[in-house]
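Trainee: Please give me a close look at a single part of this model, and then set that part in its wider surroundings.

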Amino acid sequence: MGMKASPSSAHGRPGSLRRIVGAVGVAGVVATALMTAAPADAAASTLAAAAQQSGRYFGTAIAAGRLGDQTYTTIANREFDMITAENEMKIDATEPNRGQFNFSAGDRVYNWAVQNGKRVRGHTLAWHSQQPGWMQALSGSSLRQAMINHINGVMGHYRGKIYAWDVVNEAYADGNSGGRRDSNLQRTGNDWIEVAFRTARAADPSAKLCYNDYNIDNWNWAKTQGVYNMVRDFKQRGVPIDCVGLQSHFNSNSPYNSNYRTTIQSFAALGVDVQITELDIQGGSATTYANVVNDCLAVPRCTGITVWGVRDSDSWLGAGASPLLFDGNGNKKAAYNSVLNALNNAGPSPTPTTSPTQNPGAGQIRGVASGRCVDVPNATTTDGTQLQLWDCHSNSNQQWSSTSAQEIRVYGNRCLDAAGTGNGAKVQIYSCWGGDNQKWRLNPDGSIVGVQSGLCLDAAGTGNGAQLQLYSCWGGNNQKWTWNRA
């Protein structure tokens, strides 16, 4: 199969980018033929809104240094609902000196995103590239501990705030071996990836944990098979991994292949989500962009797409590669229209989240992230007792019912009650009295939102005894619930 281009390893600072040789032809002359109109009553006018119709997101990578560019931020705010920091959450940016963390640039991207109603993907925690000099100088057990400390430090800072983390990035080698890349992290021991994922799960149980790589798009390539075998092994042994990120930098050396859908389906069949994390297509083919989107839409567990940059002039490949959906002036390209139409032509997700309805009947409220149930500790009836997660059973302290007054009751006369309106306010049982702090909206996405606070019912962990609280809604699985009727 030969060596493939390695685009993502060039996601460095300006000036360190390696250009990819060759280009995919521009397909402007065929763009008109691709633009199959969506039904007028269903068509959304932005990428994010169109993706949301099938329960997916459509995101972009943001650079903090461009947040002062009004054209850039206008497009980003209008079109995208998931944000990845291009460089600002990488190792050299967040821990420039050992044990001294700096989140100023990362927080600037994060704050812009959440202030504009968007979720954030974290990128990236453990990677052979963009390590600060102090980390490059380490080896063996010292490097291993530094990796663990870095994951804990960064995830601790953003705990409960990040939708998904690229925990490990680009750990597999190009070429025909299907094996690991020879890196300083790999030389600490073959279990380093497993350790990174276990560390990440403990650091933030609510975040989805992803393995992210380039050139794993073609199902027939050895590198794809190597990553697939690792994920399958992790799932079989209970190593915490929730998703695989396909970077999908397509170019003449690593072109889109019709088996891309097979790749997505095969990873999804292992029980993980698939996210297209860094999409760009050299030459900007509208046909290829539509094919990529349709392949994702065909697989229920392909949960979202992120393009790596806003305009061609913002791309790590350079504007001349014409790889994105907007030109350097911010104008929509033919590829934009083909993507929007593909998203609009998709039906609802065939596997929507099973969620409460307004009157679901008595039963358990089960956390999506944990698989555990909302539980009154020790089956007490004492007002003010904070609720917890616990292994599901059929006893009365886990039997909840929703009323027409928007209450959620247990024991018939105790209500799910918010003891405040701010982040971290405890959720408890209390004698029902009709206050807005005892009223809840049960949403189709599985979230349960307090009427008084507007905050979500949130589990501060996934284990037995994890406490329930209010927290700003951000779409994490620790804020999603299913109602299991008795």
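Mentor: A residue is called buried when its relative accessible area is under 20%, exposed when over 50%, and partly exposed in between, with a 1.4 Å probe and protein chains only. The model is predicted, and local features need pLDDT of at least 70, side-chain atom pairs count only at pLDDT 80 or more, and totals for chains, interfaces and linings use all residues. Residues are numbered from 1 along each chain as its sequence is written, while side-chain values use heavy atoms, with hydrogens and water left out.

The part I choose is helix α10, which spans residues 260–268. Helices (DSSP runs of H or I, at least four residues) and strands (runs of E, at least two) are numbered from the N terminus. Within α10, the buried residues are Y260, T263, I264, S266, F267 and A268. These residues pack, through contacts (heavy atoms within 4.5 Å), against two other helices, α9 (222–237) and α11 (286–297). Their packing partners also include the strands β6 (243–246), β7 (249–250), β8 (273–281) and β9 (302–307).

From α11 one can pass to S338, which belongs to helix α12 (residues 334–344). With its neighbours within four places in sequence left aside, S338 is in contact with A286, Y289 and A290. S338 counts as buried because its relative accessible area is 3%. A polar atom of the S338 side chain lies 3.0 Å from the backbone oxygen of A286.

The wider setting begins with the largest nonpolar core, a set of buried Ala, Val, Leu, Ile, Met, Phe, Trp, Tyr and Cys residues joined through side-chain atoms within 4.5 Å. This core holds 95 residues, of which F58, W165, V168, F197 and L325 touch the most other members. Its greatest contribution, 7 residues, comes from helix α7 (residues 140–157). A second core, separate from the largest one, has 24 residues, among them I365, W400, I408 and L455. In soluble globular proteins, nonpolar side chains tend to be buried together.

V168 shows the surroundings of one such core member in detail. Apart from its neighbours within four places in sequence, V168 is in contact with T124, A126, W192, I193, A196, F197, C210, Y211 and N212.

For the protein as a whole, there are 12 helices and 21 strands. Of its 486 residues, 58% count as buried. Among contacts between residues at least 6 apart in sequence, 71% join residues at least 24 apart.

Conventions:
Polar contact = N/O pair within 3.5 Å; in protein donor to acceptor, adjacent residues only side chain to side chain.
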